[in-house]
Amino acid sequence: MQSTKDKLLDAAELLFGEHGVDNVSVRMITSAAKVNLSALGFHYGSRENLIKAVFLRRLLPLSEQRRENLRRLEVAREATMTDVLSAFLDPVLELSRSQHLGERAFLRTLSRTLIDPSPIYREILSNELAGLMEGYLDAFQRAMPEFKREEIGNRLDFALGAIGHALSDPGRRGAYSDEEFLAPVERVMPQVLAFVLAGFKAPPVLALNT
């Protein structure tokens with residue numbers, strides 16, 4: 001039998017994916033979970049703590065995959081920029097192929113957050129994920145010695161923004177053509193990856209001595 005705590009977590013994840021984090025109330029969550037209104041406070045203390053729990057449930061395994069990929073790169077020693085980028089993005093691409101309702105809902109939430117980071121997500125990045133990001137920036141810098149660290153960080157940020165934009169609303173692209181379509185994630189992501197890879201391969205803009 002599913003615990004009340006997990007019911008709240010699952011309900012919140014699905015609702016956040018459907019409506020966006022800011023548009024989901026405590027009452028909506030407890031109603032979807034079919035539990036008492038006071039249950040959220042009892043198990044999580046606050047709505048903010050529940051939001052953080054929703055993010056961490058998926059982000060921590062994803063981050064562990066990225067750490068393992070990074071360890072492999074460090075053993076290889078001569079990783080290319082493409083190797084580093086693939087190591088960083090592959091866990092997200094794998095998640096995008098999931099048919100699990102909760103994981104797909106979380107991916108929509110994460111996509112929106114990549115475009116417009118919430119204070120809670122910024123807190124998670126600065127605490128739980130800070131060391132991981134520094135490790136990847138180090139790996140990128142070894143693979144791209146002609147680039148300033150600032151520009152590498154910006155390009156990684158642009159890459160995440162492009163992925164978030166593509167995944168947050170696949171139907172948006174129908175507005176750019178005469179056809180209405182809702183492209184499946186499996187069709188969209190290889191195109192996004194090609195776009196991101198081309199951006200990373202572009203010559204540096206910032207001189208190393210500036």
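In this predicted model, Lys52 counts as partly exposed, at 21% relative accessibility. That value sits just inside the partly exposed class, because buried means under 20% relative accessible area. Lys52 forms a salt bridge with Glu123, and the closest N and O atoms of the two are 3.3 Å apart. Since Lys52 lies in helix H4 and Glu123 in helix H7 (residues 119–126), the pair ties together parts that are 71 residues apart in sequence. Glu123, too, is classed as partly exposed, with a relative accessibility of 34%.

This pair is a good starting point for a look at the charged side chains. In general terms, side chains of opposite charge can pair when their charged atoms come close. Across the whole structure, a search finds 12 salt bridges. One of them stays inside helix H4: Glu68 and Arg71 form a salt bridge, with 2.9 Å between the closest N and O atoms. Glu68 and Arg71 are three residues apart in H4, so about one helical turn separates them. Glu68 is partly exposed at 30% relative accessibility, and Arg71 is partly exposed with a relative accessible area of 38%.

A further salt bridge joins the side chains of Glu134 and Arg149, at 2.9 Å from N to O. Here the pair links distant parts of the chain, with Glu134 in helix H8 (residues 130–143) and Arg149 in helix H9 (residues 149–168), 15 residues apart. Glu134 has a relative accessible area of 42% and is therefore partly exposed. Arg149 also counts as partly exposed, at 27% relative accessibility.

Salt bridges also occur as a network, which links Asp10, Glu13, Arg57, Arg58 and Glu103. Of these residues, Asp10 has its place in helix H1 (residues 4–19). Asp10 is partly exposed, its relative accessible area being 27%. Once neighbours within four places in sequence are left aside, Asp10 is in contact with Gln2 and Arg57. As a longer-range reference, Asp10 and Leu167 are 157 residues apart in sequence, and their C-alpha atoms are 21 Å apart in space.

Two other members of the network, Arg58 and Glu103, also take part in the contact between helices H4 and H6. Two packed helices are described by the angle between their axes and the distance between the axes. For H4 (residues 47–76) and H6 (residues 101–115), the angle is about 105 degrees and the axes are 11 Å apart. That angle makes H4 roughly perpendicular to H6. On the H4 side, the contact is made by Val54, Phe55, Arg58 and Leu59. H6 contributes Gly102, Glu103, Phe106, Thr109, Leu110 and Thr113. Sorted by class, the residues of this contact are five nonpolar, three polar and two charged.

Helix H4 also holds Arg66, a charged residue in another setting. What is the nearest side chain of opposite charge to Arg66? That side chain belongs to Asp90, 9.3 Å away, and Arg66 is buried yet has no salt bridge. The absence follows from the distance, because a salt bridge requires a side-chain nitrogen of Lys or Arg within 4 Å of a carboxyl oxygen of Asp or Glu. Apart from neighbours within four places in sequence, Arg66 is in contact with Ala87, Phe88, Pro91, Val92, Leu132 and Tyr136.

How values were computed: Residues numbered from 1 in each chain as written. Predicted model: local features only at pLDDT ≥ 70, side-chain atom pairs only at ≥ 80, totals over all residues. Heavy atoms only, no water. Axes fitted to C-alpha atoms, helices over the stretch in contact; angles between N-to-C directions. Helix = DSSP H or I, 4+ residues; strand = E, 2+ residues; numbered from the N terminus. Parallel < 35°, antiparallel > 145°, perpendicular 65-115°, else oblique. Contact = heavy atoms within 4.5 Å. Nonpolar A, V, L, I, M, F, W, Y, C, P; charged D, E, K, R; others polar. Buried < 20%, exposed > 50% of the residue type's maximum accessible area, 1.4 Å probe, protein only. Lys, Arg positive; Asp, Glu negative; His and termini not counted.
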